[in-house]
Amino acid sequence: MNASTNINVKKKDILKKRSRKNILLQRLSRNKIAYVSLCFLILVHIIVFIGPLVWKVSPTGLQDAGALANWSLQHPMGTDDLGRDVFSRMLYGGRITLIVGLAAMLFALLIGTIIGACAGFFRGYVETVLMRFTEAMMAIPNFFFVLVALTVLGTSPVMVVIVIALSGWMEIARVVYGETLKWKEYEFVEAANASGATSIRILTKYIIPQIIPSIIVSGTLTIAAAILTESAISYLGMGIQPPTPTWGNMLQDSQQYIWTAPILGVLPGAAITIVVLAYNFLGDGLRDALDPRFVKK
Amino acid sequence: MNPPLLKIENLKKYFVIKNGNSFVAANNKKVVKAIDDVSLEIFQGETLGLVGESGCGKSTLGKNILRLQEPTEGQVFFKDKDILKYNNRELRRLRKEMQIIYQDPFGSLNPRFTIGEIIGEMYEIHKTDREIDKLSEIKKMLELVGLDSEKYNSYPHELSGGQRQRVGIARALALNPDFVVADEPVSALDVSVQSQIINLLMDLKKDLGLTMLFIAHGLNVVRHISDRVGVMYLGRIVEISETDNIFDTPAHPYTAALLSTVPDVDVSLRKERIVFKGEVPSPANPPSGCHFRTRCPLATEKCQLEVPKMQEVRNGHYVSCHFPLGADQLLKDVVSNL
């Protein structure tokens with residue numbers, strides 16, 4: 001084989017890989033709502049993570065404009081009841097809310113994937129113990145669990161992430177469990193076994209890569225749920241504590257002023273609603289795009 | 001003849017089927033005897049063909065020999081060691097020496113691995129003592145099975161069925177095993193491709209000194225490639241002998257009937273087909289005595305009461321039948337004289 005054919009092969013491969021991703025994007029773009037949600041979420045993340053580098057007003061410092069000031073050029077969204085810049089608080093609060101959502105999602109994915117994959121792969125007692133445990137966890141009212149756990153463990157951001165993840169991994173575990181059962185029966189998995197691969201190798205190199213699309217879908221939906229949970233517990237004062245802003249505790253702060261300064265409640269409330277909605281639409285869209293039965297549509 | 005490389009003694013594989021309510025499961029348990037007391041030897045360097053109808057336990061036998069399924073009972077000696085006693089670690093080491101080629105070239109290759117990765121896995125799993133040049137080793141394997149080494153970076157879905165089957169063969173042979181189970185390696189392929197793969201397997205066997213268990217349901221294919229042939233019916237081996245003996249002078253009525261169904265291009269050579277009444281009985285509820293008696297034209301009361309033992313009718317020609325056909329007899333004649 002000479003060098004030129006080698007290059008040709010590589011070029012072809014790159015094209016092939018890119019076209020696979022293109023197919024996914026193409027199918028996603030056919031679903032208008034999901035595509036708009038994706039673009040919107042990318043925009044929100046850019047604003048929230050890069051915005052504070054540009055908008056250098058402190059989210060906790062008191063401003064000269066005083067409390068409950070109307071919007072102006074210095075304070076595009078006005079100031080809150082203590083005289084802090086609302087725009088800055090929205091940016092920092094969004095940052096924390098989204099990071100908590102993402103981190104909780106990643107942690108939940110980790111737990112759910114390990115438990116689901118082990119239950120599906122090893123079967124027998126492992127399966128019985130892990131899946132019955134999963135079902136038992138699902139039977140506990142989510143909110144009750146989160147509140148009790150946070151009361152006992154404290155409300156540091158790390159704890160909030162861990163507790164939200166612990167309350168949200170069960171759906172993922174069940175999805176991964178079902179998919180593992182399916183892929184385990186494929187002949188290439190038996191072939192790997194016949195080659196002398198260890199169970200861990202078969203799980204990580206042969207089974208889990210096939211499940212990744214489903215994991216991404218559940219992950220997207222889990223972020224939405226995690227953001228909602230974080231907002232709800234912050235609203236109840238059990239989440240991340242002031243003065244650190246999150247959209248949830250901003251909502252709580254604003255409730256006394258709901259008649260005098262409604263904008264203080266509307267802004268974080270709308271932000272939560274729209275971001276959660278967008279994540280849900282994106283998750284649904286991804287699920288449809290990854291489903292081969294939707295090809296002909 | 002060479003010493004046996006693999007020896008199977010009284011191998012049994014039973015599947016338990018539970019019906020309905022698990023609280024009364026004790027009464028509802030059904031046992032499917034997929035492999036029912038099979039003993040056979042495979043000699044160094046030979047190809048043993050294994051034929052039988054669908055569901056007679058051929059593939060199950062192959063998988064049990066490799067311990068891809070755990071046999072219920074019996075012994076499998078590979079190089080004089082009982083591999084059923086091996087623990088996981090010893091078993092993984094054994095995998096280097098025993099490999100399998102699958103029937104379905106679509107399902108047996110990881111869709112997310114390139115061809116190079118699929119074959120390279122073998123070298124990665126069994127890290128050999130000395131560092132080998134993996135890349136050149138893989139390319140050598142690809143050339144050995146007649147694939148372009150350019151296919152190294154392709155994914156399985158980019159290849160045709162025949163090419164995929166070649167990849168499957170390359171994977172099985174990558175570590176230079178002593179024994180290979182070929183589990184219907186050509187039945188999923190086009191007829192034109194079948195012969196290519198068969199010839200490839202024969203060449204490889206000659207060049208590498210492989211010992212092979214070749215499972216198939218096509219008799220023509222088996223005749224071409226096998227040194228000896230075993231015939232299975234409902235979990236038992238009913239006849240086993242050198243290929244020519246099986247095809248020229250079958251001793252078991254079932255074998256004779258199978259052979260009469262092989263189509264021949266030459267009209268003058270066409271045999272009269274022996275058509276048996278009825279279907280294959282359910283393996284969950286096989287007939288007593290000889291399993292074949294419900295469909296056998298020669299069956300008597302003895303067949304109902306006694307399980308026939310393997311007996312040697314000629315040198316190296318074993319059959320399990322109470323009334324084996326003689327060397328000069330054909331079943332057709334026997335039936336017409338009844």
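## Report on a predicted two-chain model

In the record, an unreviewed UniProt entry annotates residues 94-283 of chain A as "domain: ABC transmembrane type-1". The structure discussed here is a predicted model. Over residues 94-283, chain A is 83% helix and 0% strand. The C-alpha atoms at the two ends of this stretch are 20 Å apart.

One residue of chain A may serve as an example. Glu135(A) lies in helix α4, which comprises residues 124-139 of chain A. Glu135(A) is exposed, because it has 12 other C-beta atoms within 10 Å, and a residue with 12 or fewer such neighbours counts as exposed. Its C-alpha atom is separated by 53 Å from that of Ser72(A), and the two residues are 63 residues apart along the chain.

The contact between the chains is considered next. Chain A contributes 17 residues to the contact, and chain B contributes 21 residues. On the side of chain A that touches chain B, the elements giving two or more residues are α1 (3-30), α8 (187-194) and α9 (199-235) of chain A. The largest share of this side, 6 residues, is supplied by α8(A). Sorted by class, the side of chain A that touches chain B consists of 9 nonpolar, 5 polar and 3 charged residues.

In chain B, how many of the 8 residues of helix α2 (residues 58-65) are buried? The count is 8 of the 8, so this helix of chain B is largely enclosed by the rest of the structure. The buried residues of α2(B) include Lys58(B), Lys63(B) and Asn64(B), together with Leu61(B) and Ile65(B). After α2(B) comes Arg67(B), which has a positive phi near 60°.

Most residues other than glycine have a negative phi. Two further residues of chain B with positive values are listed below.

| Residue | Phi | Exposure |
|---|---|---|
| Lys79(B) | about 55° | partly exposed, 15 other C-beta atoms within 10 Å |
| Asp80(B) | near 70° | exposed, 10 C-beta neighbours inside 10 Å |

Where along chain B is Lys79(B) placed? Lys79(B) belongs to the loop between β4 (73-78) and β5 (81-82) of chain B. Asp80(B) is likewise found in the loop between β4 and β5. Lys79(B) is not a glycine, although its phi is positive, and Asp80(B) is also a residue other than glycine. Asp80(B) counts as exposed because it has 10 C-beta neighbours inside 10 Å, whereas Lys79(B), with 15 other C-beta atoms within 10 Å, is partly exposed.

Conventions. Residues are numbered from 1 along each chain as its sequence is written. Chains are lettered from A and ligands numbered from 1 in the order in which they are written. This is a predicted model: local features need pLDDT of at least 70, side-chain atom pairs count only at pLDDT 80 or more; totals for chains, interfaces and linings use all residues. Helices (H or I, at least four residues) and strands (E, at least two) are DSSP runs, numbered from the N terminus. A residue is buried if 20 or more other C-beta atoms lie within 10 Å of its own, exposed if 12 or fewer, and partly exposed in between; C-beta atoms are placed from the backbone. Two residues are in contact if their C-beta atoms, placed from the backbone, lie within 7 Å. Ala, Val, Leu, Ile, Met, Phe, Trp, Tyr, Cys and Pro count as nonpolar, Asp, Glu, Lys and Arg as charged, and the others, Gly among them, as polar. UniProt positions are given in the numbering used here, feature names are shortened, and annotations may be inferred rather than shown by experiment.
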